[in-house]
Amino acid sequence: MPFAVSRGRLLALIHGLAGRRLVVAGDFVLDRFVYGHPKRVSREAPVLILRYWKEESLPGGAGNTAANVRALGGEPVPVGAIGLDDAGTALRGALRARGIDTSGLAEIGGYRTPTKTRILGGAPHAIKQQIVRYDVEDALPPAESSRLGERLRVAARGAQGAIVSDYGYGAVSPAVIPELRSELSRGARICVDSRHRLPAYADVDAATPNEEELEEAAGETLHESESRLEAAGRALREKMRCGSLLVTRGSRGMALFSDGAAVDRIPVHGTDQVADVTGAGDTVLATFALALSAGATPLEAALLANFAGGVVVMKMGTAVVTPDELRAAVEADRALLS
């Protein structure tokens with residue numbers, strides 16, 4: 001890793017993540033995982049029948065981002081919407097079980113909590129493989145979305161940073177940026193990830209698109225071209241008037257666009273033979289934003305986010321990274337300065 005960043009500095013930043021209060025505004029999703037063991041092929045159709053084993057419900061979307069902030073020692077303040085349904089109850093309960101205050105989540109009648117249900121199968125002592133996923137996706141009515149504004153302003157007062165996680169379900173829009181800026185503490189950073197409308201989020205401090213989202217913003221396929229990636233990243237950062245843009249690239253690591261003339265290309269941490277990429281982008285967003293709030297430079301924050309992403313993709317399901325895991329990854333990297 002050819003970066004003039006010391007191991008000691010990154011370890012100090014990890015320690016400094018504790019207690020940082022960050023608003024997490026966006027689309028809160030319930031991730032359901034249903035596990036089964038193969039039984040036989042059905043006589044009704046050429047499909048596998050699974051014998052039910054167990055299921056679990058975890059925070060997804062902005063909920064996973066909040067869970068990662070909490071796991072790293074920060075204090076997330078969620079603002080968003082859930083439905084008056086079982087999924088909403090499960091999502092609120094999963095967040096509360098992690099010590100996260102859920103008073104900023106509005107319960108909306110007639111709105112179904114966004115839910116992603118994954119069916120996984122495998123032998124009892126083998127890694128379970130995802131077979132199919134089905135989603136419940138309701139768009140939040142604009143009138144309900146606008147009512148979240150007051151909750152957002154209350155949550156942002158005095159907070160040390162903010163994360164906007166826009167999965168396209170309507171809980172947030174680019175209009176929240178001025179509202180956040182007016183209430184956050186002085187010098188607080190706003191970090192954004194948006195599935196489909198990232199260019200509309202102007203005047204933010206950081207954004208963390210994946211390569212596919214960068215392609216959508218650029219209106220072209222990059223074809224794994226480094227020159228096209230660089231041109232698209234610079235153009236998006238300029239259009240957003242964004243302090244730093246961290247592009248996640250899967251097995252090709254990350255690319256950081258900031259004030260420097262050169263693009264910082266960060267190789268993937270660990271192995272590219274991953275177990276599960278579910279929610280890894282949320283982990284990167286949470287770590288990057290939390291590190292910036294603790295005083296990290298964009299490069300230092302990107303390196304910590306890269307370590308965190310490398311840890312979480314080795315876990316099954318929607319997972320989080322702990323400070324101990326992040327410290328172990330930093331300490332194990334021999335390329336860092338002593």
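The following is a question-and-answer exchange about a predicted model.

Biologist: What makes Cys191 and Cys242 a pair without a disulfide?

Modeller: A disulfide needs cysteine sulfur atoms within 2.5 Å. The sulfur of Cys191 is 8.3 Å from the closest cysteine sulfur, that of Cys242, which is too far for a bond. Cys242 is in no disulfide, and the count of disulfides comes to zero.

Biologist: Why is Cys191 called buried?

Modeller: Buried means under 20% relative accessible area. Cys191 has a relative accessible area of 0%, so Cys191 is buried. Cys242, at 4% relative accessibility, counts as buried by that cut-off.

Biologist: Why is Asp203 called partly exposed?

Modeller: Partly exposed covers what lies between the buried limit of 20% and the exposed limit of 50%. Asp203 has 40% relative accessibility, so the term is partly exposed. The residue sits in the loop between strand S9 (189–194) and strand S10 (206–207).

Biologist: What is notable about the phi of Asp203?

Modeller: Asp203 has a positive phi of about 60 degrees although it is not a glycine. Arg241 is another residue other than glycine with a positive phi, near 50 degrees. Arg241 lies in the loop between helix H7 (226–240) and strand S11 (244–248). Gly73, just after H2, takes a positive phi of about 105 degrees.

Biologist: Why is helix H2 described as largely enclosed by the rest of the structure?

Modeller: Eight of the ten residues of H2 (residues 62–71) are buried, so the description follows. The buried residues include Ala62, Gly63, Asn64 and Thr65. Ala66, Ala67, Asn68 and Val69 are buried as well.

Biologist: Where does H2 lie with respect to S2 and S3?

Modeller: H2 lies across S2 and S3, and runs at about 70 degrees to S3. Those two strands belong to an open sheet of four strands, in the order S3-S2-S6-S7 with mixed pairing.

Biologist: What makes S3 and S7 the edge strands?

Modeller: Strand S3 (48–61) and strand S7 (129–136) each pair on one side only. From one strand to the next, the twist averages 20 degrees.

Biologist: How do you know that S2 and S6 are paired?

Modeller: Pairing takes at least two bridges between the strands. Strand S2 (residues 28–41) and strand S6 (residues 115–121) are joined by seven bridges and run parallel. Within this pairing, Gly36 stands opposite Gly121 in S6.

Biologist: What makes the Arg32 and Glu55 side chains a polar contact?

Modeller: The limit for such a pair of N or O atoms is 3.5 Å, and the two side chains meet at 2.8 Å. Arg32 is in strand S2. Leaving out residues up to four places away in sequence, Arg32 touches several residues, among them Glu56, Ser57, Thr117 and Tyr134.

Biologist: Why is strand S1 described as largely enclosed by the rest of the structure?

Modeller: Five of the six residues of S1 (residues 21–26) are buried, so the strand is described that way.

Biologist: Which strands pair with S1, and how do you know?

Modeller: At least two bridges are needed. S1 and strand S4 (residues 75–83) pair in the parallel sense over five bridges, with Glu75 in S4 as the bridge partner of Arg21. S1 and strand S8 (residues 161–166) also pair in the parallel sense over five bridges. There, Ile163 in S8 is the bridge partner of Val24.

Biologist: Which residues have the most contacts inside the largest nonpolar core?

Modeller: They are Leu10, Leu246, Phe288, Leu304 and Leu326, in a core of 54 residues. Helix H9 (residues 298–312) gives the most to this core, with ten residues. A second, separate core has 34 residues, including Leu152, Ala155, Ala188 and Leu198.

Biologist: What is Leu304 in contact with?

Modeller: Apart from neighbours within four places in sequence, the contacts of Leu304 are Leu10, Leu13, Ile14, Thr287, Ala291, Leu326 and Val330.

Biologist: Why is Val274 called partly exposed?

Modeller: At 38% relative accessibility, Val274 counts as partly exposed, since the class runs between 20% and 50%. Val274 is found in the loop between strand S13 (264–266) and helix H8 (280–293). Beyond neighbours within four places in sequence, Val274 is in contact with Val313 and Met314.

Methods. Residues are numbered from 1 along each chain as its sequence is written. This is a predicted model: local features need pLDDT of at least 70, side-chain atom pairs count only at pLDDT 80 or more; totals for chains, interfaces and linings use all residues. Side-chain values use heavy atoms; hydrogens and water are left out. Buried means under 20% relative accessible area, exposed over 50%, partly exposed in between (1.4 Å probe, protein chains only). A nonpolar core is a set of buried Ala, Val, Leu, Ile, Met, Phe, Trp, Tyr and Cys residues joined through side-chain atoms within 4.5 Å. Contact means heavy atoms within 4.5 Å. Axes are lines fitted to C-alpha atoms, for helices over the stretch in contact, and angles run from 0 to 180 degrees between N-to-C directions. A polar contact is a pair of N or O atoms within 3.5 Å; within protein, one must be able to donate a hydrogen and the other to accept it, and residues adjacent in sequence count only if both atoms are side-chain atoms.
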